[in-house]
Amino acid sequence: MSGKAVRQYARMSCAGILLAMLCGIGGCSGSGSGTQPSGKKEPAKKADVVVWHWMSDRDAVFQELAKQYEGQTGQVVDFQLFAPSEAYSNKVRASAQTKTLPDIFGILAETRDFASFIKAGFVENLTPAMEADNSQWKKAFFEKALAMETFVEGNQFNVNPGIYGVPIDVMNIQFFYNKDLFAQAGLDPEKPPLTFEEFIAVGKKLKAANIQGLVSGWSEIWMINCLADNFAWNLMGRDKITATLKGDVPYSDPDWIRVFSLFKEMQDAGVLATGMITMVNKHAEQTFANGKAAIAFNGTWGVNVYRGMNPKLNYGVFLPPKISDKYPVAVWGGAGSSFKINALSAQKEKALQFLRWMTEVPQQKLLADKTMNLPSNKESAADIIPALKQFSAAMEYAVHPSQLPYSEFPRVVEAMGKGIQLIIIGSKTTQELAAELVALKQEEMKRLEAKKAAGK
Amino acid sequence: MRSQMFYRVKRGAFLILAYTVLLAVAAACLFPLLWMFGSALKTQETIFSDFSLFPQQPHWENFVVAWTQANFNTYFWNSVFYTVAVVLGLVLFSSMAAFAFSRLDFPFKNALFLLFVCMMMIPLPGQFVALYVLLTNLNLVNTRLGYILPQIDAGQALAIFLLKTFFDKIPKDLEDSARIDGCNKLGIYRHLALPLAKPAIAVVVIFNCLAVWNEYLLAMLIFSEKKLMPLPRGLMVFQGTHLTEYALLMAGVSITVIPIIVVYLVMQKYIISGITAGAVKG
């Protein structure tokens, strides 16, 4: 072999070795993980409990709580943030496949997926712990928040009845209003509308004063459906809505037509801001925070968002306007964020102790003060800022589709949201939407029957 | 004389039109960068009320705050390391594979090449669960190697495709003359094919630098320890579930784009020189 060839091989080998070293060293240096709870490697500083979460705005408080807990108990809790939520969900699903979920984690998915995790044996049933000592822990929570974590006897997902999650905060969606703009339009800033008629009258006055009315993220179907649900619960009550979901009451029922027509009335009266149905919630929040719209339909998180965007914003909160006296006013809400305990974890007991501590009043108060989220422990809600207090008080009116024994088909839910959008812009009538929903519902029910029959 | 004038005016008008279009395109490309930089100098409140491109009271400290709050000290160097390692590995392996597909004869060559090309159709996120299972079994979850290898693998298909097409165009005569000069297959690859493929390699480097530098989803999947995470993890600090700290986020993004702009400018020179060199050679 010539000297030239030898040099050439030597250079190539060096490059290869350099690359291998680069990768190899990196591989070694990164392997000191403490993050695989059922893991194969020893952590540098061993955590007693590992928590995976996606809440980037709460991470700093979680770390603070973990330090406090370590100081009080000597137990090390390692909060690991994986955001955004899509990346987090990917990680949780992949980890479930390899049975490497952490001791505590959250599930960002529909009830159906939550049920799948439980049935696969990944989520611990917390009922015994919740009901111990005369249900002391269970009683500390808002009832509606815990309902979101509970599967009742005979549930449609065939999950063993029980409580499978610990809510760490709660949320509901109401109306925020700008007191200064109300005064500018000649309205009493301390008297927000209580009934739908008053709401329409407010909208007309705002329009007359050349002030944009209601803003909300109604390009996102779920937000438009929230308000439709509120109206429906107030007008029909739980039983009739359940009957609708079951298929016993059609969407062509006059009460449903009335629900759809309320959106048309709002549009005709000029209550809705320009471009409502293409508005994303971020834009709606920005518009309201800048004082360019008088009313916003938004969730509890709005308190934190508006504080960040415009700390001087002078606003109040009011419940969805009453449509009927027959049933109570309803607000869409329930659990905000919750944690589950890994049923396969060797540290289940420690995880349970930590979550119990985390949902006690002082810790919940700290979470509420620092993050402006509504605490899940109802006792800690007594000492929070006024706007949050109003949200907290409304938790008794909170309703959520998952509280019902039946759930609506996703296609029907989507069609309803889109249909309401079309009603607002005048491209569809309430009757047309009702007929479309009836047809879709029948189609889906037939498909379900056929599936069941094939299953048998 | 008159016609000369006519052509001069015509040419002038054409140049004005061409430069106007080019300036408009350049402005459209630069505006987001300028907006990002301007926003990085505002506060969380003024970002929603001050719509000027450059604020009257610039907050230069946002860059320092972003760097420290986002822990860029760690993430920045992690990203540099991952980008260098992935791009080095990718260029080495893909150029060798592309040379083999282009210049060597072996059974099922075309079928294997097609398989590689098919890999371009499968995006990395689509492989996440399978990849996680594989890496867990190989004990590579939460290691740097476990993050680098899948990215080298993910970039192979396009890189091999680009480089093979380039190697195919190298005249056989050049290869023969190299052989007469005493080069074996590896020598031809090292002394002939690789230098001629500089423009294609520059494209591979730019594409992959950008992809690796901005990669985040795979990092979230593979890493659990913060100290191993790449740069985009730092930016997440400013993005709450409902509230985003836009000014700091823009300051953070401004910091992250600087290295990639530098790489682009450096590599762009190679692409242009490669193209012009090829043109002269005819």
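Let's start at A:N134, which sits in helix α5 of chain A, a helix covering residues 127-140. This is a predicted model, and in it the phi of A:N134 comes out near 60 degrees, a positive value for a residue that isn't glycine. Is A:N134 buried or exposed? Its relative accessibility is 62%, and because exposed means over 50%, A:N134 counts as exposed.

Chain B has a comparable entry in B:N139. Here too phi is positive, at about 60 degrees, and again the residue is not a glycine. As for where it sits, B:N139 belongs to the loop between α5 (128-137) and α6 (144-168) of chain B. With a relative accessible area of 35%, B:N139 is partly exposed.

While we're on backbone geometry, go back to chain A and look at the peptide bond joining A:A83 and A:P84. That bond is cis, with omega at about 5 degrees. A:P84 has its place in the loop between β2 (77-81) and α3 (85-97) of chain A.

Now zoom out to chain A as a whole. How many helices and strands does it have? The count is 17 helices and 12 strands. Of its 456 residues, 56% count as buried. Contacts across the sequence are worth a look too: take the contacts in chain A between residues at least 6 apart in sequence, and 75% of them join residues at least 24 apart.

Strand β10 of chain A gives you two residues to inspect. One of them is A:S337, which lies in that strand. Its relative accessibility is 6%, so A:S337 counts as buried. What does A:S337 touch, once residues up to four places away in sequence are set aside? The list is A:W54, A:M55, A:R58, A:V166, A:P167, A:I168 and A:D169. There is also a long hop in sequence to look at: A:S337 and A:V170 are 167 residues apart along the chain, yet their C-alpha atoms are 6.8 Å apart in space.

The other residue to inspect is A:K340, also placed in strand β10, which runs over residues 331-341. Would you file this lysine under buried or exposed? It counts as buried, because its relative accessibility is 3% and the cut-off for buried is under 20%. The side chain of A:K340 makes a polar contact with the side chain of A:S338, at 2.7 Å. Ignoring neighbours within four places in sequence, A:K340 is in contact with A:D103, A:I104, A:F105, A:I107, A:F114, A:V123, A:E149, A:Y164 and A:G165.

On to helix packing, still in chain A. Helix α8 (residues 196-208) and helix α10 (residues 254-268) pack at an angle of about 25 degrees, and their axes are 9 Å apart. Why call them roughly parallel? Angles under 35 degrees count that way, so α8(A) and α10(A) are roughly parallel to each other. On the α8(A) side, A:F196, A:F199 and A:I200 meet A:L262, A:E265 and A:M266 from α10(A). By class, the contact of α8(A) with α10(A) divides into five nonpolar residues, no polar ones and one charged.

Chain B offers two helix pairs. In the pair formed by helix α7 (residues 172-180) and helix α8 (residues 185-196) of chain B, the axes come within 10 Å and cross at roughly 135 degrees. That angle makes α7(B) oblique to α8(B). The crossing of α7(B) past α8(B) is right-handed. In terms of residues, B:L174, B:E175, B:A178 and B:R179 of α7(B) meet B:K185, B:I188, B:L192 and B:L196 of α8(B). The class split for the contact of α7(B) with α8(B) is five nonpolar, no polar and three charged residues.

The other pair in chain B is helix α3 (residues 72-103) with helix α9 (residues 198-214), packed at about 145 degrees with axes 9 Å apart. α3(B) passes α9(B) in a right-handed crossing. Residues making this contact include B:F76, B:V80, B:V87 and B:L90 of α3(B), along with B:I201, B:V205, B:C209 and B:W213 of α9(B). Which classes show up in the contact of α3(B) with α9(B)? There are 13 nonpolar residues, three polar and no charged ones.

Key:
Residues are numbered from 1 along each chain as its sequence is written. Chains are lettered from A and ligands numbered from 1 in the order in which they are written. This is a predicted model: local features need pLDDT of at least 70, side-chain atom pairs count only at pLDDT 80 or more; totals for chains, interfaces and linings use all residues. Side-chain values use heavy atoms; hydrogens and water are left out. Axes are lines fitted to C-alpha atoms, for helices over the stretch in contact, and angles run from 0 to 180 degrees between N-to-C directions. Helices (H or I, at least four residues) and strands (E, at least two) are DSSP runs, numbered from the N terminus. Angles under 35 degrees count as roughly parallel, over 145 as roughly antiparallel, 65 to 115 as roughly perpendicular and the rest as oblique. A crossing is left-handed if the near helix is turned anticlockwise from the far one by less than a right angle, and right-handed if clockwise. Contact means heavy atoms within 4.5 Å. Ala, Val, Leu, Ile, Met, Phe, Trp, Tyr, Cys and Pro count as nonpolar, Asp, Glu, Lys and Arg as charged, and the others, Gly among them, as polar. Buried means under 20% relative accessible area, exposed over 50%, partly exposed in between (1.4 Å probe, protein chains only). A polar contact is a pair of N or O atoms within 3.5 Å; within protein, one must be able to donate a hydrogen and the other to accept it, and residues adjacent in sequence count only if both atoms are side-chain atoms.
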